[in-house]
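Visitor: Could you take me on a close look at one part of this molecule? I am in my first year, so please go step by step, and then show me how that part fits with the rest.

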Amino acid sequence: MPLISTVDPGVRLQVIRQRLEGAWEAITSGRYQQAVQLTTEGLDLLDTLPPSPERDHLRFDLLLERGRARVLAGDYAALSDFESVRAQSPDPDQRARALIGIADCHNGKGDYVVAEEEYQTAIQEAEAGGYALPQIRALIGLGTLCWKRGRIEEALHFLRQARLILQRSPDLFEMGRALISLGIAYNFAGQLEQSITSYEDALKCFRSLQDDHRAAAVLNNLGELYQELRDLDRALRYHEEAARLADQAGADRIAIDVTRNIGVDLLLMGRYSDAMFCLNRALSRAREIGDKDLILQALYSLGDAFLRQGEVGRALALARELADEANAVRSEIHAARAKLLQGRAYLAQGDRATAQHILQDALGDAHAIPSRWLLWQLHAALGRATEEAHIARVHFRIAADFIHQIIEPLTDWEIRSRFLSQPEVQAVFQQDGEG
């Protein structure tokens with residue numbers, strides 16, 4: 001660096017632009033730490049140049065790319081980079097991109113109300129200026145925020161909008177991001193064929209970019225989908241490959257959720273000791289980095305694990321913590337899952353009246369989401385909790401209907417058979433008269 005700073009300012013500018021271009025290439029292949037290093041080097045070198053509008057513009061671009069790399073790696077302290085650009089840049093495109101970065105940080109930290117306002121403002125600014133890329137990123141961020149909060153139809157709307165713009169303004173990296181988020185939203189909605197297709201298309205995008213970081217994220221989500229379908233061998237294979245790629249790419253945030261999912265796979269396979277090690281580690285690491293969505297998911301998975309092993313008191317304690325965390329960030333889907341966990345725990349204690357009250361309350365939240373996965377489980381639990389036989393049968397009938405809505409569009413008969421044969425599903429069909 002000292003040698004470069006002594007040469008002609010024009011040469012230094014060229015070197016800085018090379019650092020910026022190298023950072024962009026590093027981001028699109030998932031090498032986020034390298035991108036941070038390149039942009040920081042560029043910013044240091046920039047300080048050796050005399051003030052000028054060109055220098056300022058380049059500084060803001062470097063800050064934006066450094067902040068973006070940090071956010072994609074799960075480092076929400078990147079907020080300061082974006083705030084500097086938002087406060088100082090006269091360029092409306094840079095200011096819109098900075099606002100999206102600020103919203104991404106708030107989204108990651110669970111400040112969903114603030115983040116939503118920022119995404120909406122960024123979309124308005126991007127549309128007014130005709131800036132396609134900021135509009136795409138804001139729509140992806142907004143869609144992701146919506147499924148985190150359980151607003152599935154809105155999530156699908158925003159993410160489809162992003163995909164439509166990307167078809168006119170191609171960007172393989174952003175298309176992959178839109179598709180993975182679409183896959184999650186489709187999965188929440190119980191639209192499994194669309195979810196699998198979205199994930200597989202996202203995986204093609206990231207593999208063509210040699211982005212192990214994002215490929216690990218897609219494999220993790222694919223594995224979770226097959227986990228829900230109870231194809232546990234396939235789920236574990238996906239999760240083990242995701243763990244390998246995440247470790248290879250230094251993708252710490254993704255590795256936390258992969259660890260959680262491996263824990264759930266092992267739990268459902270009956271390997272309780274190994275499962276609890278993974279689940280406790282995932283929650284501990286999620287708390288360390290402060291990612292709210294990871295914390296919420298880990299709390300539910302660990303609570304479910306305790307409940308499946310008969311440790312009802314510990315499950316209830318985690319369910320209460322999950323409810324508090326979900327209410328703090330106004331996440332309807334996690335609030336409903338907390339009540340489902342509580343209801344199941346009270347059922348396990350034989351307190352059907354309390355279970356019914358909590359589950360009925362959760363049902364009101366869940367029907368507004370809507371998530372077919374959550375709805376069939378809630379109605380099944382209510383069927384078990386309800387004293388009146390005719391009302392219980394209604395709940396089991398509704399649960400069976402949601403199960404059919406989830407499974408019937410699937411063309412893989414082996415997976416359909418495996419899912420339908422699990423004890424929880426068979427119990428619903430027997431109570432409904434299908435068994």
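Guide: Glutamate 65 is buried, with a relative accessible area of 8%, and because a residue counts as buried under 20%, that label fits. This is a predicted model, so please read every value here as computed from that prediction. Find glutamate 65 in helix 4, which covers residues 53-72. What does glutamate 65 touch, leaving out residues up to four places away in sequence? Its partners are Leu20, Trp24, Ile27, Thr39 and Arg97.

Now stay in helix 4 and move to arginine 68. Side chains of opposite charge can pair when their charged atoms come close. Arginine 68 has such a partner in glutamate 174: their closest N and O atoms are 2.9 Å apart, and the two form a salt bridge. Since arginine 68 belongs to helix 4 and glutamate 174 to helix 10 (residues 172-189), this pair ties together parts that are 106 residues apart in sequence. Are these two residues buried or exposed? Both arginine 68 and glutamate 174 are buried.

Here the two residues of helix 4 come together in one picture. Glu65 and Arg68 belong to a network of salt bridges, along with Arg137, Glu174 and Arg177. In total, the structure holds 35 salt bridges.

For a contrast, let us look at two bridges that stay inside one helix. Lysine 204 and aspartate 201 both sit in helix 11 (residues 192-208), 3 residues apart, which is about one turn of the helix. Their salt bridge has its closest N and O atoms 3.9 Å apart, and the cut-off for a salt bridge is within 4 Å, so the pair counts. Lysine 204 is exposed, at 59% relative accessibility, while aspartate 201 is partly exposed, at 30%.

The second example is in helix 14 (residues 252-268), where arginine 260 and aspartate 257 are also 3 residues apart, or about one helical turn. The side chains of this pair meet in a salt bridge at 2.7 Å, N to O. What about their surroundings? Arginine 260 is buried, with a relative accessible area of 4%, and aspartate 257 is buried too, at 8%.

Another buried spot is worth a visit. Histidine 239 lies in helix 13, and its relative accessible area is 0%, so it counts as buried. Which residues does histidine 239 touch, again leaving out those up to four places away in sequence? The list is Leu219, Asn220, Gly223, Glu224, Gln227, Val258, Asn261, Ile262 and Asp265. Take valine 258 from that list: histidine 239 and valine 258 are 19 residues apart in sequence, yet their C-alpha atoms are 6.1 Å apart in space.

Next, let us turn to the backbone. Most residues other than glycine have a negative phi. Arginine 230 has a positive value instead, near 70°, and its place is the loop between helix 12 (212-228) and helix 13 (232-249). Arginine 330 also has a positive phi, near 60°. You will find arginine 330 in the loop between helix 17 and helix 18 (332-348), where it counts as exposed at 52% relative accessibility.

Close by in the sequence is alanine 328, in helix 17 (residues 312-329). Alanine 328 is exposed, at 62% relative accessibility. It is separated from tyrosine 112 by 216 residues in sequence, but the two are 9.8 Å apart in space, C-alpha to C-alpha.

Finally, step back to see the whole chain. Its secondary structure comes to 23 helices and 0 strands. The radius of gyration is 24 Å, close to the 22 Å that the globule rule gives for 435 residues, so the chain is as compact as a globular protein of that length. Along the principal axes, the C-alpha atoms fill a box of roughly 85 × 40 × 40 Å. Buried residues such as glutamate 65 make up 57% of the 435 residues. Among contacts with a separation of 6 or more, 60% involve residues 24 or more positions apart. As for charge, the chain has 49 positive and 63 negative charges, and their mean positions are 1 Å apart. The accessible surface comes to about 17800 Å², with 49% of it belonging to carbon and sulfur atoms.

How values were computed
Residues are numbered from 1 along each chain as its sequence is written. This is a predicted model: local features need pLDDT of at least 70, side-chain atom pairs count only at pLDDT 80 or more; totals for chains, interfaces and linings use all residues. Side-chain values use heavy atoms; hydrogens and water are left out. Helices (H or I, at least four residues) and strands (E, at least two) are DSSP runs, numbered from the N terminus. The radius of gyration is taken over C-alpha atoms; the globule rule is 2.2 Å times the number of residues to the power 0.38. Buried means under 20% relative accessible area, exposed over 50%, partly exposed in between (1.4 Å probe, protein chains only). Contact means heavy atoms within 4.5 Å. Accessible areas come from the Shrake-Rupley method with a 1.4 Å probe; for residues, only the protein chains shown count as cover. Lys and Arg count as positive and Asp and Glu as negative; His and the chain ends are not counted. The place of a charge is taken as NZ of Lys, CZ of Arg, CG of Asp or CD of Glu.
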